[in-house]
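Please read these notes with the structure open beside you. They cover one helix, its surroundings and a few loop residues.

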Amino acid sequence: MNRRHLLLLLPLMVSACSISNERGTLAELRSVEIELKDEKIGDGLEKAMASYRQFLEQTPESAMTPEAIRRIADLSIEKEYGYVDGGDGKDTAATSVTKQRREISLEQPKSAAPVALDNTAPSLSNTASTGKIASVGGESENDFEQRVAQGETVQPEPARRLDAPLPEGGDDLGNANAEQAIAMYKKLLEKYPLYERNDQVLYQMSRAYEELGEVDAAMEVMNRFVKTYPVSKYMDEVQFRRAEYYFTRKKYMDAEEAYQSIVTMGAVSSYYELALYKLGWSFYKQELYEEALHKYFALFDYKISIGYDFDQSDDKSASKRVEDTYRVISLSFSNLGGPDSVVDYFARNGNRSYEDKVYSHLGEFYLTKRRYSDAAASYKAFINLYALHEVSPHFNMRVIEIYKKGGFAKLVVEAKKEFAQTYALNAEYWQYFDVNARPDVIGYLKGNLKDLANHYHALYQNKQFVKDKSGNYQEALLWYRNFLSSFPSDQESPALNYQMADLMLENKDFGDAAIAYENTAYNYPLHEKSSAAGYAAVYAYREHLKVVTQSRRGEVKQQIIKSSLKFADTYPEHEKVTIVLGAAADDLYEMKNYELAVNTAHKLIDNYPGAEKELLRSAWLVVGHGSFDMKQFAAAENGYLNVLALTAETHKSRPKLYENLAASIYKQGEEA
């Protein structure tokens, strides 16, 4: 029979003593067969405590005596504060405690308002809020350090419970219970110095002192505990309480030693992670920033080893601790010199899978202080090392946002150019990532290319930058063409193509402008600028004709004719189509392409009878002259007759027209 079972039987043994005259003496119990089973005591903690007291009063001193004394003290603590340890750290199904265990710390922490995290970091393209960029809370640096300085709220782990069944109920007795428990613990330690559970007695006594607010007394007990029971199962919790005592009093070297003892125990201690974190703080407070970083990264490495997901944690408490750790890491690197110190640290101590988050948190840390250059440098340091990393595009985006926040217009432009070059569709980055799987990056690339084209186009038109006009023109063309070649089917491409053609026209690059207009007019599905671009192409070609060398005039004329006829066929409803057709007919006749000239003239005459009188007269003249030259004299006669009908009686050309009409009639006579 073990001690646990004996304790379960103590109330029964006391009852047996009260009727010993009828059933015999205590000694006779040795030969009695006892049924062992858990029973729920129905009259509350007082009944249990009374049973143990009765046992002490009515039985001779034995090995059970210190156990009973400890039990009464433990029950006093349970009565007052709702917690106690049964020695094995295990819950039992028979245990029923209605009071909840109160959280305990060495000092009562100051009340503080909850801290809300801000998860809406500003973004130009809604990409910086996708989890790639660190979120920074609204808590000031001073408030953050003060919160840490208050110490941690310590709860015993695992839950400390009695190993004998406890009843429900029981009224609070005030601090008298704690004082009574302390007195009994002292008596127990004094009278039974070799009691095997004296480590537990010291542990409970220290907690009772804490509840009474006698923190220094609690520390004396814990210091005694540490010296006397170095291998006790309570050692990690006691050491952590000691460490917090020292830390909150700025005795960081003493705190360091206590935290380190827990870290040395390893992950078997439930305080291991928290001890690593606070050990880092102990070094930080001593300005040993690199030593502090070792502990923070050891904490993160451990969390990864047990499967913690930094991006998908549903544990708000754990996530808050992780964010706090990133924040103090940022403070440490800031004190060590900033982004360059991060690069140097990982180069010397090995790379980590979560490095991107370290750089991001440092960048956001600087941004909260409006240190825009340092914030951008933090992100750029990571990009320079890992240009092909999944998050690098998002870091590039954030750099642009930071420069924009800081009002660095030139740096915004340069950063946009760098992004556009690094993540262009033909760039190395896309050899490792699927374009279709990164719509956020592609969307930002499109926006950048458009912004850059518009930016340099506007500079080109700005009279303040007339000296840079040529350079701005070339830059604008570069980004227009990059967009159009990268996204030829994008819904914005027609409009941008039209803008590019306008830019060329402004710069008097008429030939290129004409080609760009034609591309806009005919190589996209019908859009708002389609017909306007078709007309503009014809216009640009005609302007081009005015400046080309004589050797190229024939070539350009052919381009004019081709573009004019295509425009008329494609956009017959355009308000300028009659002018285009009339000019084309004239050009064709001048080029001695009589058949096409006559056909073009008839297209104008037949399809647009309501056209301006002068346009119709010119078209009939082409019909007359062209038909005569093709020896189609009857058609020529008809043409001249219509020209004369549209010519004023006083017009100086009438005599010549009559001669042409007579000649066409004469030629018909000759043929006849």
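**Notes on helix α12 and selected loop residues**

1. The buried residues of α12 (buried: under 20% relative accessible area, 1.4 Å probe, protein chains only) are covered by elements that include α11 (272–285), α13 (316–336), α14 (339–349) and α15 (355–368). Helices here are DSSP runs of H or I with at least four residues, numbered from the N terminus. Contact, for this covering, means heavy atoms within 4.5 Å.

2. This is a predicted model, in which local features need pLDDT of at least 70 and side-chain atom pairs count only at pLDDT 80 or more, while totals for chains, interfaces and linings use all residues. Residues are numbered from 1 along each chain as its sequence is written, and side-chain values use heavy atoms, with hydrogens and water left out.

3. Helix α12 runs over residues 289–305, 17 in number, and spans 24 Å between its first and last C-alpha, close to the expected 24 Å. That expectation is 1.5 Å times one less than the number of residues. Among its buried residues are Y289, L293, Y296 and F300. Just after the helix, G307 has a positive phi of about 90°.

4. R348, in helix α14, has a side chain joined to that of E290 by a polar contact of 2.9 Å. Such a contact is a pair of N or O atoms within 3.5 Å, one able to donate a hydrogen and the other to accept it; residues adjacent in sequence count only if both atoms are side-chain atoms. R348 counts as partly exposed (between the buried limit and 50%) because its relative accessibility is 45%.

5. K250, in the loop between α9 (235–248) and α10 (252–265), is a non-glycine residue with a positive phi near 65°. K250 counts as exposed (over 50%) because its relative accessibility is 64%.

Key. Helix = DSSP H or I, 4+ residues; strand = E, 2+ residues; numbered from the N terminus.
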